[in-house]
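This report goes through one protein model, beginning with its sheet and ending with its core. Please keep the sequence and the structure in view while reading.

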Amino acid sequence: MKCPACGDPDDRVVDSRLVDDGTAVRRRRECLSCGRRYTTFERLEGEPRWVIKRSGRREPFDREKVVSGLRAATKNRPVSELEMAELAGLVEEAMRSSGPAVKSEQIGLEVLDRLRGIDEVAYLRFASVYKEFEQADDFYKEVGLLSKATAPKHRGMEKGELS
Ligand SMILES: [Zn+2]
């Protein structure tokens with residue numbers, strides 16, 4: 001950040017605190033060149049979207065968390081980073097259109113809905129983690145849904161389309 005007094009870009013942060021109900025970070029900075037102190041605010045880009053956890057806690061929606069969940073579910077499966085990034089992006093879009101706060105389960109379902117058409121093994125893995133199956137029945141119900149679902153649309157069918 002350029003110092004408002006001398007224009008030097010080097011500064012150090014002397015104080016950081018959460019403000020605006022935890023939706024922004026206020027930082028006091030000190031110019032390393034002239035010593036002038038100034039304040040910056042850091043906020044999420046656009047309207048913040050909140051995730052309501054099972055515990056009732058709220059945290060900002062983080063696309064990267066969706067991707068890391070996908071990475072775990074698609075381990076050793078033929079799903080590319082690009083596909084995961086795209087899927088996470090679609091989920092984020094869906095979140096944006098559904099209001100300022102969503103439950104974490106809803107995000108899980110959005111992911112599952114899309115993952116089903118990409119890779120069935122990854123879908124089941126994600127389902128077992130995300131839905132925290134407590135009973136074997138839930139798992140079989142899920143498998144039942146799977147077999148009723150339409151066949152994957154684009155995975156590995158026409159390799160030429162991918163390039
Ligand atoms: Zn300065």
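In what order do the three strands of the open sheet lie, and is the pairing parallel or antiparallel?

## The sheet

In this predicted model, the three strands follow the order 1-2-3 in an open sheet, and their pairing is antiparallel. Strand 1 (11–19) and strand 3 (37–43) each have a single partner strand and stand at the edges, so one side of each is left without a neighbour in the sheet. On average, and with direction ignored, neighbouring strands of this sheet are turned by 25° against each other.

Seven bridges join strand 2 (residues 24–31) to strand 3 in the antiparallel sense, and Ala-24 has Arg-43 in strand 3 as its bridge partner.

## Helix 2

Helix 2 (residues 81–96) comprises 16 residues, and the distance from its first C-alpha to its last is 22 Å, close to the 22 Å expected at 1.5 Å a residue. Its buried residues include Met-84, Leu-87, Val-91 and Met-95, but also Glu-83 and Glu-92. The buried residues of helix 2 pack against helix 1 (63–73), strand 6 (101–103) and helix 3 (104–115).

## The nonpolar core

The largest nonpolar core holds 22 residues, and those with the most contacts inside it are Val-66, Leu-70, Leu-87, Ile-107, Val-111 and Leu-115. At least two residues of this core come from each of helix 1, helix 2, helix 3 and helix 4 (120–130), with helix 2 giving the most, namely five residues.

When neighbours within four places in sequence are left aside, Leu-70 is in contact with Met-84, Leu-87, Val-111, Leu-115 and Phe-126.

Terms used. Residues numbered from 1 in each chain as written. Predicted model: local features only at pLDDT ≥ 70, side-chain atom pairs only at ≥ 80, totals over all residues. Heavy atoms only, no water. Pairing = 2+ DSSP bridges. Helix = DSSP H or I, 4+ residues; strand = E, 2+ residues; numbered from the N terminus. Axes fitted to C-alpha atoms, helices over the stretch in contact; angles between N-to-C directions. Expected span 1.5 Å × (residues − 1). Buried < 20%, exposed > 50% of the residue type's maximum accessible area, 1.4 Å probe, protein only. Contact = heavy atoms within 4.5 Å. Core = buried A, V, L, I, M, F, W, Y, C linked by side-chain atoms within 4.5 Å.
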